[in-house]
Amino acid sequence: LANIGLVVLGAMRVDTGDVTIGEFSSVIFLFGLISLPLRLIGYALSELPRSMAAWLRVQEVTNEPVEPDPAADLVVAPAGTGLVFDRVTFTYPGTDLAVVHTIDLSIPTGAITALVGPTAAGKSTLAELAIGLAAPTHGTVGVAAGPRAIVFQEAFLLAGTIKENVAFGREVTDERVWQSLEVAAADFVADLPNGIDTIVGERGISLSGGQRQRVALARAVVDRPSLLVLDDTTSALDPATEATVLERLRGELADTTVLLIASRPSTIALADAVAFLDAGRLVAHGPHARLVDEAPAYRELVEAFEADRSRA
């Protein structure tokens, strides 16, 4: 529009004799020279608010203080012990309320221990302390030497193949992938059209909830961890498949200590021992049958679990 306006105005001025054709051509040429810089300046000014907003967001991240790695506070557990909590207390920064209080718990190497308790009892916090995702405010957490792994209830899968999800960037042979899938009772993979090369889709959309959980479990056991934390990982499995998974963990990973957060009576009964938490405190520890007889609060909770399952 500016070019058209200049041509119309210039033609009128030339017609009246106020400017010559040479002068008119010079103005058009000079305007052509400055149009590109003007466009660039306009673009820069229009992008300035968005650039400023992006810069402020980046600054929020880069100015955050770098917290020390909580896993650095883990110590090596005594021989024959897979996991030990020594008077462990954890309080979230900026608060005075302890989530777990003075936990003393020792789990033998290779044992499967179920963490049981009502909502907000501190189960997930204790699991994070065990795996090194959080550091205790007081006390120490000891773990047997070797890799550690955790599997959450909501399994996250990549959009690639089953093999890529199990390997997760590690150099793993196909044989090792199949062995891990077998430990996780993911026998369904053998029936898929392309086996471990089957693409699962974004977040594993082509798989059921139980299948995603088993692939995530296979990813966790591929390194044969010394400590395996399962945060209600088998919740989407039927009791028979769940029993198969735990039995294979016992058989194939005999030296792996398993800490299992559970809310199903069938899962709890499969564990070697139960650690019962209530209000952040370790109330009882021992075999499931003994706790049912000796701990009224535990018995009531298990009965509530069973009643809830019956209604479902």
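Here are some numbered notes on this predicted model, going from the whole chain down to single residues.

1. Overall shape. The chain carries ten helices and ten strands. Its radius of gyration is 32 Å, and the globule rule gives 20 Å for 312 residues, so the chain is more spread out than a compact globule. The C-alpha trace tells a similar story in its own terms, spanning about 115 × 55 × 45 Å along the principal axes.

2. Burial and contact range. Of the 312 residues in the chain, 40% are buried. If you take contacts between residues at least 6 apart in sequence, 70% of them join residues at least 24 apart.

3. A distance to keep in mind. Gly22 sits in helix H2 and is partly exposed, with a relative accessible area of 44%. Pick Pro193 as the other end of your ruler: Gly22 and Pro193 lie 77 Å apart in space, C-alpha to C-alpha, with their positions 171 residues apart in sequence.

4. The H1/H2 pair. Packed helices are described by the angle between their axes and the distance between those axes. For helix H1 (residues 2-16) and helix H2 (residues 21-62), the angle is about 165° and the axes are 10 Å apart. An angle over 145 degrees counts as roughly antiparallel, and H1 and H2 are therefore roughly antiparallel to each other. Their crossing is right-handed.

5. What makes that contact. On the H1 side, the residues are Ala2, Asn3, Leu6, Val7, Gly10, Ala11 and Val14, and H2 brings Ile21, Phe24, Ile28 and Phe31. By type, the contact of H1 with H2 divides into nine nonpolar residues, two polar and no charged.

6. Helix H3. Is H3 (residues 123-131) mostly covered or mostly uncovered? Mostly covered, since seven of its nine residues are buried, and buried here means under 20% relative accessible area. The buried residues in H3 are Lys123, Thr125, Leu126, Ala127, Leu129, Ala130 and Ile131. Do note that a lysine, Lys123, is in that buried set. Just after H3 comes Gly132, with a positive phi of about 95°.

7. Thr161. This residue is found in the loop between strand S6 (148-151) and helix H4 (162-167). Thr161 is buried, at a relative accessible area of 13%. Which residues does Thr161 contact once its neighbours within four places in sequence are left aside? They are Ile196, Asp197, Thr198 and Ile199.

8. Two backbone angles to look at. Most residues other than glycine have a negative phi. Arg87, in strand S2 (residues 81-91), has a positive phi near 50°. Phe168 also has a positive phi, near 55°. Phe168 belongs to the loop between H4 and helix H5 (174-183), and is partly exposed, with a relative accessible area of 44%. So if you are scanning backbone angles, one of these residues is in a strand, Arg87 in S2, and the other is in a loop, Phe168 between H4 and H5.

Terms used
Residues numbered from 1 in each chain as written. Predicted model: local features only at pLDDT ≥ 70, side-chain atom pairs only at ≥ 80, totals over all residues. Heavy atoms only, no water. Axes fitted to C-alpha atoms, helices over the stretch in contact; angles between N-to-C directions. Helix = DSSP H or I, 4+ residues; strand = E, 2+ residues; numbered from the N terminus. Parallel < 35°, antiparallel > 145°, perpendicular 65-115°, else oblique. Left-handed = near helix turned anticlockwise from the far one by under 90°. Contact = heavy atoms within 4.5 Å. Nonpolar A, V, L, I, M, F, W, Y, C, P; charged D, E, K, R; others polar. Buried < 20%, exposed > 50% of the residue type's maximum accessible area, 1.4 Å probe, protein only. Rg over C-alpha atoms; globule rule 2.2 N^0.38 Å.
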